[in-house]
Amino acid sequence: MKHHKTLLRLLVLFITSCFATAICAQFKNGQLWLATDGEHINAHGGNIIFHEGTYYWYGEHRPYRGFTTEKGIAVYSSADLQQWKNEGIALSVSEENGHDIERGCIMERPKVIYNKVTRKFVMLFHLELKGRGYEAARVAFAESDSPTGPFRYLRSTRLHAGKWPFNMNQQQIAAAKNTDASKWDKWWTPEWRKEVEKGMYLWRDMNSGQMSRDMTVYIDDDGRAYHLTSSQENLTLLISELTNDYLDYTGRYVMVAPGGQNEAPCIFKHDGRYWLICSGCTGWAPNEARLFTADNIWGPWHQLPSPFMGVATGYHDMPADKTFGAQGTYIMKTGKEFVFMADIWNPRHLSQSLHLWLPISFNEKELPVIKWTDNVPNEAEL
Ligand code: GAL
């Protein structure tokens, strides 16, 4: 009997110490990641913020079957980046017919940022209207007083109707106005590419506003926030400055890598230099990541080889040139470290898409390198 009691005590001690140090809960890349409710974390294409001692993870709440949004944007909280509590739906779909975020719309790649001046949590996300596939290509805004919501839906829009990128001169604007997208049925020819670089799709959408699909949001050291989005039929990225309240655009924006077909933008700044990691454009299927760098957020941006190296040993040996089977969603800074967060999409069961977190290191040339690691880093390691 006494023996049993001692065993029981030891077991309780072991379990509590496991929870305290998160040793037994070191989550593995390429596996399901269960929240404290016992369910796989259903927050995809999202981001993480740290607020008053707690991490908040926002992401797409995806159904087990189907592609449309049935619930909204999910939020989880954590003290250590390992154990996550399901905090429910931060922004819910609307039950009203014809509402922008009517149930059955598509809400993707939500990013939440905290505005220190207004003390509001601001959410931007990619919105597709119900029943219209991916043609609406809008960005949507929501805000909340609390990190777990409920977020209030504000509006959706295309970008910069009637406005040119601030760094285009009169000659460049005249050249763009000389293009005609309706003339080009055949994409990817050298002639077509030249027209895209001149701003053919920018000009096509000048009146209606620019398309906005895969996106992220970045707050610079001075508190200025920027929206980075895949625009112009996913061919060209736009970087746009947000107003002080983060709820609108100042009108200052640039095009990045015209015709480069970059999606899933993830950005970070290290030693004063900006780094941008994107994917190519192959839907849910993985492809090779692209790396860009600039001294100034407005560019010029230079492209470099993918930072991914090696293979995902133990995870189908997925190679670096397939981003280990994943597509980036956010680069989180914790302490001095940067963590590349990505989704291993499961298009058959999107809710089951896996999470991949890999630390970013720098080589002797000061270039970022991302290698496969089994363990998801925990807070103490970062
Ligand atoms: C991916 C994109 C995802 C989602 C998907 C739909 O390329 O990054 O966010 O839009 O396509 O097929």
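1. Start with the hairpin of strand 5 and strand 6. This is a predicted model. The hairpin has 4 residues between its strands. Arg-119 is the residue to look at here: its phi is positive, near 60°.

2. The two hairpin strands, strand 5 (residues 106-115) and strand 6, run antiparallel and pair over 8 bridges. For the register, take Glu-108: its bridge partner in strand 6 is His-126.

3. Strand 6 also pairs with strand 7 (residues 138-144). The sense is again antiparallel, with 7 bridges joining the two. Here Phe-121 can serve as the marker: its bridge partner in strand 7 is Ser-144. Strand 6 thus has pairing with strand 5 and with strand 7.

4. How many residues of strand 6 are buried? The strand spans residues 120-128, and 8 of its 9 residues are buried, so it is mostly covered. In a regular strand, side chains alternate between the two faces of the sheet.

5. Turn now to Ala-74, in strand 3 (residues 72-78). Is Ala-74 buried or exposed? Its relative accessibility is 2%, and the cut-off for buried is under 20%, so Ala-74 counts as buried.

6. Which residues does Ala-74 touch, leaving out those up to four places away in sequence? The contacts are Asn-42, Trp-57, Tyr-58, Gly-59, His-61, Gly-88, Ile-89 and Ala-90.

7. One distance for orientation. Ala-74 and Trp-164 are separated by 90 residues in sequence. In space, their C-alpha atoms are 35 Å apart.

Note on methods. Residues are numbered from 1 along each chain as its sequence is written. This is a predicted model: local features need pLDDT of at least 70, side-chain atom pairs count only at pLDDT 80 or more; totals for chains, interfaces and linings use all residues. Side-chain values use heavy atoms; hydrogens and water are left out. Buried means under 20% relative accessible area, exposed over 50%, partly exposed in between (1.4 Å probe, protein chains only). Two strands pair if DSSP finds at least two bridges between them. Contact means heavy atoms within 4.5 Å.
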